[in-house]
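Q: I've got a new model open and I'd like to learn how to read it feature by feature. Can you walk me through it?

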Amino acid sequence: YYRGVLTALREAGIEPYVNLYHNDMPAVLFVEGNGRMDPEFPMHFRYYADVCFQYFGELVKYWFTFDEPWCQSAQGLYEAHERNTKPYMIGYQMILAHAEAVDVYRQKYEEQQGKIGINLNIEMFLSLIHICRCRRIERCRSRWSP
């Protein structure tokens, strides 16, 4: 199925950017393990990424391992007694899994001449001083607008 989708995108002149994980882990990693909490998760993710690179690498030049890993680790649904530890443990496992996927790509698939990275969160925080200045500027502008 995915090969057909990727081929159709390429034929239409669209460059596919593939994200390996966005809250849709292969079920086997939950059935046979403990998901992202499993100590073997980084190696399982490495294998999963390896399979994707092998089967789709000639169609995909831009890979991402995870999308917003902070959200996936810090904003999970945790029991009260887990909130101080589980997000950090999951984040740690995701960093290791990312490193494993990058490693296998660089070791085995350099000839594909693609790129691999991670999609991190981008948030903008404004200071109260900045907000006040923006409001003052807006008030000045509104006096002069028709």
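A: Happy to. Let's start with one residue and work outwards. This is a predicted model, and the place of Gln-93 in it is helix α5, residues 86-108.

Q: Is Gln-93 buried or exposed?
A: You decide that from relative accessible area, where under 20% means buried. Gln-93 has 8% relative accessibility, so it counts as buried.

Q: Which residues is Gln-93 in contact with, beyond its neighbours in sequence?
A: Skip the neighbours within four places in sequence, then list what remains. For Gln-93 that leaves Arg-36, Met-37, Asp-38, Pro-39, Phe-41 and Pro-42. Two of these names, Phe-41 and Pro-42, come back among the buried residues of α3.

Q: Which other residues of α5 are buried?
A: Besides Gln-93, the buried residues of α5 are Pro-87, Ile-90, Gly-91, Met-94, Ala-97, His-98, Ala-101, Val-102, Val-104 and Tyr-105. What covers the buried residues of α5 includes β1, α3, β2 (62-67), α4 (69-74) and β3.

Q: How do I check the length of α5 against what a helix should span?
A: Use 1.5 Å a residue and compare with the distance between the end C-alpha atoms. The 23 residues of α5 should span 33 Å, and the end C-alpha atoms are 33 Å apart, so the two agree.

Q: What does that check give for α3?
A: Helix α3 covers residues 41-56, which is 16 residues, so it should span 22 Å; its end C-alpha atoms are 22 Å apart, which agrees. As for burial, the buried residues of α3 are Phe-41, Pro-42, Phe-45, Arg-46, Ala-49, Asp-50, Cys-52, Phe-53 and Phe-56.

Q: Zooming out, how many helices and strands are there in the protein?
A: Six helices and three strands. Read along the sequence, they follow the pattern α-β-α-α-β-α-α-β-α. Buried residues make up 32% of the 146 residues.

Q: What share of the contacts joins residues at least 24 apart?
A: Take contacts between residues at least 6 apart in sequence, then ask how many reach further along the chain. Here 74% of them join residues at least 24 apart.

Q: Can you show me a case of that kind of reach?
A: Try Gln-112, in the loop between α5 and β3 (115-119). Gln-112 and Lys-61 are 51 residues apart in sequence, yet their C-alpha atoms are 7.3 Å apart in space. Lys-61 is also one of the contacts of Gln-112, along with Phe-53, Gly-57, Glu-58 and Tyr-105, once neighbours within four places are left aside. With 12% relative accessibility, Gln-112 counts as buried.

Q: And where does Asn-121 lie?
A: Asn-121 lies in the loop between β3 and α6. The C-alpha atoms of Asn-121 and Trp-70 are separated by 7.1 Å, with their positions 51 residues apart along the chain. Sequence neighbours within four places aside, Asn-121 is in contact with Glu-68, Pro-69, Trp-70 and Cys-71. Asn-121 is partly exposed, with a relative accessible area of 23%.

Q: What is unusual to look for in the backbone angles?
A: Look for a positive phi outside glycine. Glu-68, in the loop between β2 and α4, has a positive phi of about 45° although it is not a glycine. Gln-113, in the loop between α5 and β3, has one of about 55°, and it is not a glycine either. As for accessibility, Glu-68 is partly exposed at 32%, whereas Gln-113 counts as exposed at 69%.

Q: How much space lies in the largest pocket?
A: About 320 Å³. Of the 14 residues that line it, the closest to its centre are Tyr-2, Val-18, Asn-19, Tyr-48 and Phe-56. By element, α1 (2-11), β1 (17-21) and α3 each supply at least two residues of the lining. By character, the lining divides into eleven nonpolar residues, two polar and one charged.

Q: Last one: which element has the lowest mean pLDDT, and which the highest?
A: Helix α6 (residues 128-144) has the lowest, at 63, and α1 the highest, at 97. Over the protein the mean is 86, and 82% of residues reach 70 or more. Where pLDDT is low, the predicted coordinates should not be read in detail.

Key: Residues numbered from 1 in each chain as written. Predicted model: local features only at pLDDT ≥ 70, side-chain atom pairs only at ≥ 80, totals over all residues. Heavy atoms only, no water. Helix = DSSP H or I, 4+ residues; strand = E, 2+ residues; numbered from the N terminus. Expected span 1.5 Å × (residues − 1). Buried < 20%, exposed > 50% of the residue type's maximum accessible area, 1.4 Å probe, protein only. 1 Å grid on protein atoms, 1.4 Å probe; cavity = no way out; pocket = protein on both sides within 12 Å on 5 of 7 lines; lining within 4 Å. Points joined across faces, edges and corners; volume = space filled by probe spheres on them. Nonpolar A, V, L, I, M, F, W, Y, C, P; charged D, E, K, R; others polar. Contact = heavy atoms within 4.5 Å. pLDDT = per-residue confidence, 0-100.
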